[in-house]
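Q: I'd like a close look at one part of this chain, and then how the rest of the fold looks around it. Keep it informal, but walk me through it residue by residue where that helps.

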Amino acid sequence: MKRNALLAYLGFLVLMIALGASDAMRGVFVPIFGEHFALSNTQRSLIITVSYVGNLVFLLFGGRLADTKRRKLAFFGAAALWMGAVVSYIFSDSYVALLVGMFFSMGASTLTSTLINVLTGQIFIGMSAMVVNTLFFIQGIGTTGSQRLAGMFADGFSSWHWANLIVLILGLIGAAVLAFVRFPQPGSDGVAPLEKFGFRKVLQNRAFYFLVLILGFYFIAEHSVMNWLVTTGTEEFGLSIDSASGYLSLFFGGIMVGRLAFAPLVQKLGVKRSILLFGLVGTVLFGVGSLLQENGLIVLAISGLFFSILYPTMVMMVQLYYPANGVATAAGMIISVATLFDIGWNALYGVLMDTIGMRTAYLLPAAAMVLFFLSCVGLLGIKTLWRGRE
């Protein structure tokens, strides 16, 4: 591996650990936020909703910026905004400040990880599927490790301050390494920059609408586990925070292990077949685990193994439908519109818990997972499972 690629990999690796921890800790700390600020379920759901509004805004405009301007500047701008929000977590003790921080930290961190995904395909040519899944495996270390440690040691709002200090240190280390990396520029691959590839061309592609549905329903399922499993486990299933976060970390631990273990298989099967195969098995296990409720938590947690390759491979799939000079714009726009599912769902979920009850609301993400798989079939066709690699 050449020096530039090696530095990029090391910098992305450290940054992905920090990004994974930053995004994942929110769900573990929701009960503590609720107690510290005396919040209702609706107010707690607002914390999650605001973070996904940040996703929408940052991805919609950040992806186009990366295609039209200097990619390194766009990347470090997003990373700087994310770390600035983490700094606000360390020093603030206000519900309003927490909401503002969620907007910037979640939006900027998702844009940063999306740009890492896009840049991986341009820096590690010929081995991008392998590299992107190993990087997301590394992100899983941050996700699972932070969830487990937070569940074990979080005993008050001060734990939130200390956890974010660790995240900030890791972010600064990753950014320092990446400062020495040469980023590919628009037009450097022989394709003209994005002046003539705008949002209208993204919308004109039929795949756009299927990709939005696929990602939108997937977001509802995975993020419901991330954001609400600990709350449901402690307040409805009678578990301790330590025990509930254990199932949460097992789910994301499966995602972490699967991204490393299955990366060669994804490279062999191809993007489309991998999404259909892993999506089918993941949907079945997630549905069974949800229906069994507290008795099915272990099944739901195991489903994370088959969720593992879905998100990074879906983002890579965008490159199959859009040209290289517009892939960051397309990916940003698709993910930002799909984030509307997250915004609507999390705004509604707190209300649903208060009206139909936690147990009934707990079943709905499984329905979203079924719709995710049906949307995959609609775009790719079920015959893709036994056709040749693509």
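A: Let's start with helix α6, whose buried residues are Phe157, Ser159, Trp160, His161, Ala163, Asn164, Val167, Leu168, Gly171, Gly174, Ala175 and Leu178. Keep in mind that this is a predicted model. Helix α6 covers residues 157–178, and its length can be checked with simple arithmetic: at 1.5 Å a residue, its 22 residues should span 32 Å. The C-alpha atoms at its two ends are 32 Å apart, which agrees with that expectation.

Two of the buried α6 residues, Phe157 and Trp160, also turn up in an aromatic cluster. Their partners there are Phe29, Phe33, Phe37, Tyr89 and Tyr95.

While we're on rings, the structure holds 28 aromatic pairs. One of them is Phe286 with Phe307: the ring centres are 5.4 Å apart and the planes sit at 40 degrees, so this pair counts as tilted. The two rings come from distant parts of the chain, with Phe286 in helix α11 (residues 271–291), Phe307 in helix α12 (residues 297–307), and their positions 21 residues apart. Both Phe286 and Phe307 are buried.

Now for the charges. Side chains of opposite charge can pair when their charged atoms come close. This model holds three salt bridges. In one of them, the side chains of Glu235 and Arg44 meet at 2.9 Å, N to O. That pair spans 191 residues of sequence, from Arg44 in helix α2 (residues 41–68) to Glu235 in helix α8 (residues 207–235). The two partners sit in unlike surroundings: Glu235 is partly exposed at 40% relative accessible area, whereas Arg44 has 6% and counts as buried.

Next comes Arg359, whose side chain meets that of Glu236 in a salt bridge at 3.0 Å, N to O. Arg359 belongs to helix α15 (residues 358–380) and Glu236 to the loop between α8 and α9 (241–261), so the contact ties together parts that are 123 residues apart in sequence. Glu236 is partly exposed at 31% relative accessibility, and Arg359 is partly exposed too, at 29%.

Arg359 has another partner: its side chain also meets that of Glu294 in a salt bridge, at 2.8 Å, N to O. Here the link runs from helix α15 to the loop between α11 and α12, where Glu294 sits, 65 residues away along the chain. Through these shared partners, Glu236, Glu294 and Arg359 become one network. Glu294 is partly exposed, with a relative accessible area of 32%.

The loop between α11 and α12 also holds Gln293, which has a positive phi of about 55 degrees although it is not a glycine. Most residues other than glycine have a negative phi, and most peptide bonds are trans. Gln293 counts as buried, at 11% relative accessibility. Ala38 also has a positive phi of about 55 degrees without being a glycine, and its place is the loop between α1 (3–37) and α2. Ala38 is exposed, though, with a relative accessible area of 65%.

Back in helix α8, have a look at Thr232. Thr232 has 0% relative accessibility, so it counts as buried. Leaving out residues up to four places away in sequence, Thr232 touches Phe237, Tyr349, Met358 and Tyr362.

Finally, the outside. Leu81, Val96, Val100 and Phe104 make a nonpolar patch on the surface, together offering about 340 Å² of accessible area. Helix α4 (residues 95–123) supplies the largest share of that patch, three residues. Val96 is in helix α4 and is exposed, at 56% relative accessibility. Over in helix α3 (residues 71–91) there is Leu73, also exposed, with a relative accessible area of 59%. The C-alpha atom of Leu73 lies 9.6 Å from that of Phe183, although the two residues are 110 places apart along the chain.

Notes. Residues are numbered from 1 along each chain as its sequence is written. This is a predicted model: local features need pLDDT of at least 70, side-chain atom pairs count only at pLDDT 80 or more; totals for chains, interfaces and linings use all residues. Side-chain values use heavy atoms; hydrogens and water are left out. Patches are made of residues with over 30% relative accessible area and no salt bridge: like charges are joined within 9 Å, nonpolar side chains (Val, Leu, Ile, Met, Phe, Trp, Tyr) within 5 Å. Accessible areas come from the Shrake-Rupley method with a 1.4 Å probe; for residues, only the protein chains shown count as cover. A salt bridge is a side-chain nitrogen of Lys or Arg within 4 Å of a carboxyl oxygen of Asp or Glu. Helices (H or I, at least four residues) and strands (E, at least two) are DSSP runs, numbered from the N terminus. Buried means under 20% relative accessible area, exposed over 50%, partly exposed in between (1.4 Å probe, protein chains only). Rings of Phe, Tyr and Trp (its six-membered ring) pair if their centres lie within 6.5 Å; planes under 30 degrees apart count as stacked, over 60 as edge-to-face and the rest as tilted. The expected span of a helix is 1.5 Å times one less than its number of residues. Contact means heavy atoms within 4.5 Å.
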